[in-house]
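Work through the exercises below with the sequence and the 3D view open. Each task is followed by a solution in steps.

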There are 2 protein chains.
Amino acid sequence: MKPTIEICLSPSLLHTYNLEGKIAVVIDVLRATSTICTALHYGAEKVIPVATIENCLQFKNEPNHLLAAERDAKLPEGFVYGNSPKQYMTDEVKNKTLVLTTTNGTKMLHLCHAAETIAIGAFTNMNALAEFLLQQQKPVLMACSAWKDKVNVEDSLMAGGIVHRLKNDFTMACDSSKMMEQLYGLAKNDLYEYHRMANHFGRLQNLGADFDLRFCLTENETPVVPVLKEGALIK
Amino acid sequence: MKPTIEICLSPSLLHTYNLEGKIAVVIDVLRATSTICTALHYGAEKVIPVATIENCLQFKNEPNHLLAAERDAKLPEGFVYGNSPKQYMTDEVKNKTLVLTTTNGTKMLHLCHAAETIAIGAFTNMNALAEFLLQQQKPVLMACSAWKDKVNVEDSLMAGGIVHRLKNDFTMACDSSKMMEQLYGLAKNDLYEYHRMANHFGRLQNLGADFDLRFCLTENETPVVPVLKEGALIK
């Protein structure tokens, strides 16, 4: 029997899914999970996701740790590192530990603790992630971080893109997985143009983050599969 | 300025929307809201939506009242009237009051109490409803009942169909409204065939409800717009 694949469109819908024995793939395309993939791809040793700014600041005296935070798409006061993947495309991150807190992505990560394995998904690691899930042969829940619990285009479509790649080898077990697989089909030829309709696209463009938008909406730029081990995301 | 139109995909997401001053359109295509439209179209005076079977039974001694209930797509013990629109395509319902409790639809109806107006949506009243909303010129929230809080194809697409009809006159204000408007475009030429992929389609077919599926997935069979007034849905 084929393993199942499902898409949970928001943290508020997580209670309608069972996480036990599953691989949960946490998605926050704009920009937390794209940033996590980027940091690891550029050589960071690990990324520690934390829920609050206070939790993040507790690491401030640790050697080789970079403290990064984002709230409402902006850099909170006192932080140098934020949620832009651009900041991590440098040798500076090599062998460093990134401690990261974001508005949505790190929340979903913590909510998925009951899953057997937690992995990270973004357009930038699509094919590598699909390959990993195919090898594991376990039921998969694609867990969209959404925007303050509101369903968004970018996370939903990235989840749909994984279903699109795996649909012959997995059973699409919820209606969301089938709908988003189809929508991805409409969007895949030009993800950047398609996402102009996304509310968060406009929000980030107004903040001058067009480089990030182009990068985060390009497939396979960071072919790594971050997995949570002992509280940290590693390759 | 154009009024906004949004789609809330599940009762669990309702807290991410503001209902104040809006028309909430409650949707439970398979089958509560299709049944409500059908009963009113065939001459029922009103439909009283109630939350529990106990609430429903409180009306048992009222003259001209039909008591109807559904749980998990089935008729609970002791009930003759259920959630199948087929049962209401008869002169028997003329001038009657239907008291109805269902698994999902009546729940969403009660959750939307903060809206300025509550209307009922189904594929069977698509055009009449779109016309009504266009006349009102108020912000609209399409409120999908879903299946036990899990997002479903049929309610999402019906909501998308209304957005599709109104998109030139309203502003699509959330990502869900844009995504479902597009999906409706893929499905509209054969709603019945398209919905074969829906989980609840299979559930109802196994219960022998194919007539209901064909009826509920056909547009404009019951051109009425049920609106809630003093606890009852009227034309």
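**Exercise 1.** How many salt bridges and how many residue pairs in polar contact are counted between chain B and chain A?

*Solution.* Start with salt bridges, where a side-chain nitrogen of Lys or Arg lies within 4 Å of a carboxyl oxygen of Asp or Glu. Between chain B and chain A the count is 0. Next take polar contacts, which are pairs of N or O atoms within 3.5 Å; within protein, one must be able to donate a hydrogen and the other to accept it, and residues adjacent in sequence count only if both atoms are side-chain atoms. Here the count is 18 residue pairs, both residues being at pLDDT 80 or more.

The model is predicted: local features need pLDDT of at least 70, side-chain atom pairs count only at pLDDT 80 or more, and totals for chains, interfaces and linings use all residues. Residues are numbered from 1 along each chain as its sequence is written, chains are lettered from A and ligands numbered from 1 in the order in which they are written, and side-chain values use heavy atoms, with hydrogens and water left out.

**Exercise 2.** Describe the area buried between the two chains, and find which three residues of chain B supply the most.

*Solution.* Buried area is the accessible area (1.4 Å probe) that two parts lose on being put together, summed over both. Between chain B and chain A it is about 2,400 Å², and carbon and sulfur atoms give 60% of this. On the chain B side, K150(B), D175(B) and M179(B) supply 25% of the area buried against chain A, more than any other three residues.

**Exercise 3.** Which residues and elements make up the contact between the chains?

*Solution.* Counting contacts (heavy atoms within 4.5 Å), 30 residues of chain B meet 30 residues of chain A. Helices are DSSP runs (H or I, at least four residues), as are strands (E, at least two), numbered from the N terminus. In chain B, the elements giving two or more residues to this side are α5 (153–166) and α6 (175–187). Of these, α6(B) gives the most, with 8 residues.

**Exercise 4.** Is helix α1 of chain B mostly covered or mostly uncovered?

*Solution.* Buried means under 20% relative accessible area (1.4 Å probe, protein chains only). Helix α1(B) covers residues 32–41, and 9 of its 10 residues are buried, including I36(B), C37(B) and L40(B). The helix is therefore mostly covered. Just after α1(B), G43(B) takes a positive phi of about 105°.

Definitions and conventions
Buried means under 20% relative accessible area, exposed over 50%, partly exposed in between (1.4 Å probe, protein chains only).
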